[in-house]
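User: Hey, I'm new to this one. Can you walk me through it?
Analyst: Sure, here it is.

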Amino acid sequence: MPRLATTRRRSLPRLRGPRVLLTGLDLAHVHQHFRWNNDPELNRLDSELPFEREAFGPFAARFERMVYAPRPGDYDFEIHVEDGDKRQLVGVAFLAGAAGGPPRARIGVTLGERSAWGQGYGSEALRVLLDFAFGKAGLHRVTADAFSFNEAWCRTLLSVGFRKEGHLRDHLHRDDIFYDQILFGLLAHEHAASGDGAAEEAEAPAVGERG
Amino acid sequence: MAPAAAAPRILARSERVRFLPLQREHIHTHFQWNNDPELNRLDSELPFEKETFSLFKRRFEGMMRQPHDRYFEIHAEDNGLIGVAYIVEVSEANRHATVGVTIGDRDYWGKGYGREAMNLILQECFEELDLHRVRAEAFAYNDAWQRLVEGMGFTREGVERDYLRRDEQYYDKVIYALLEEEYRLHVQDA
């Protein structure tokens, strides 16, 4: 595996909710991330590109860059579920593009572990990350998008305060069918006014979402 | 007659407008437009910041080589270079792209050159690249561009609120799109 010259990792804060803990990506977990990366069902929910299996070598190199040399303004987190002393890695969450321009970013959450679906962990992770985005990261606007068939993710976004801002017709082409993409946005003052936060125990709908 | 070998390839043409590839000999005109605060306000997401010539040159050369994004020089039949047009964020898998037109030469504003260039761009997108969906974006304060794309049959699909920051203020960005069947209808009507 290629080693990058810069091995000083940019440290990300640990973000904690009632049941989830968000930490920076850990190279020790590369195999689990690789498994999610090559999962066709997850790909269908989050990627604009048709599913294509990636070999371990290229993926590991890409993952290592995300850990040690992330693009400025990109924040990639692991989502862990905490239960007493036990901690289980169940997915990833990201903020992307938060540098070099107006204070805004795109957000996304993926629960890779099927056992973690439908229990509200996705919205909890989203809430924790939004607190960070509008708090420490100082953002003014957060964008999220969803494929029209990913209704669980749409509901989750609305439940944490996002507003639907647009409906992009036929944006996605998959298995010879065109699907729409729904565009969502949340502004800092709306987030503050909602009183929404990580401390709040949320009853969330089923999630299996990726950003 | 001009020697054919020396003349740049004409990539597309209509009544008053021709598309040529980006040419190194015009880099100073492009550089001037690039550092024009008023043009920047209309077509750039980033706040205006003067770019040095050497940085611009590197970026320009990158644009000339870009395999996926297509940049065109817009030439008026009665003059030379008057602006640029582009097709970017091309996705072959999804058959979509984003387009834009900037008329840099102010003498050619308000005379339908932008519309004519946009027509050529759409022809490229739907006839040559076989796209299904073409997207155009407009900043909330750019009324002329919004009128232009609406006049060409684009549908207003959404508004990204407070997307842009200019002069200590936030502005919305409007998203438009035209689908291939709508383009065909529009061409028939025209």
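**Two helices and a histidine**

Analyst: In this predicted model, H4(B) passes H5(B) in a right-handed crossing (the near helix is turned clockwise from the far one by less than a right angle).

User: Which residues of H4(B) and H5(B) make the contact?
Analyst: B:Gly114, B:Arg115 and B:Met118 of H4(B) meet B:Trp145, B:Leu148, B:Val149 and B:Gly151 of H5(B), contact being heavy atoms within 4.5 Å.

User: Any ground rules?
Analyst: Local features need pLDDT of at least 70 and side-chain atom pairs 80 or more, while totals for chains, interfaces and linings use all residues. Residues are numbered from 1 along each chain, chains are lettered from A and ligands numbered from 1 in written order, and side-chain values use heavy atoms, without hydrogens and water.

User: What's the mean pLDDT of chain B?
Analyst: Chain B averages 92, and 96% of its residues reach 70 or more; pLDDT is the predictor's confidence in each residue, from 0 to 100.

User: New topic: where is B:His132?
Analyst: B:His132 is in the loop between helix H4 (113-128) and strand S6 (133-139) of chain B; helices (H or I, at least four residues) and strands (E, at least two) are DSSP runs, numbered from the N terminus.

User: Is B:His132 buried or exposed?
Analyst: Buried, because its relative accessibility is 4% (buried means under 20%, exposed over 50%, partly exposed in between, with a 1.4 Å probe and protein chains only).

User: And what does the side chain of B:His132 join up with?
Analyst: The side chain of A:Asp170, in a 2.6 Å polar contact: a pair of N or O atoms within 3.5 Å, where within protein one must be able to donate a hydrogen and the other to accept it, and residues adjacent in sequence count only if both atoms are side-chain atoms.
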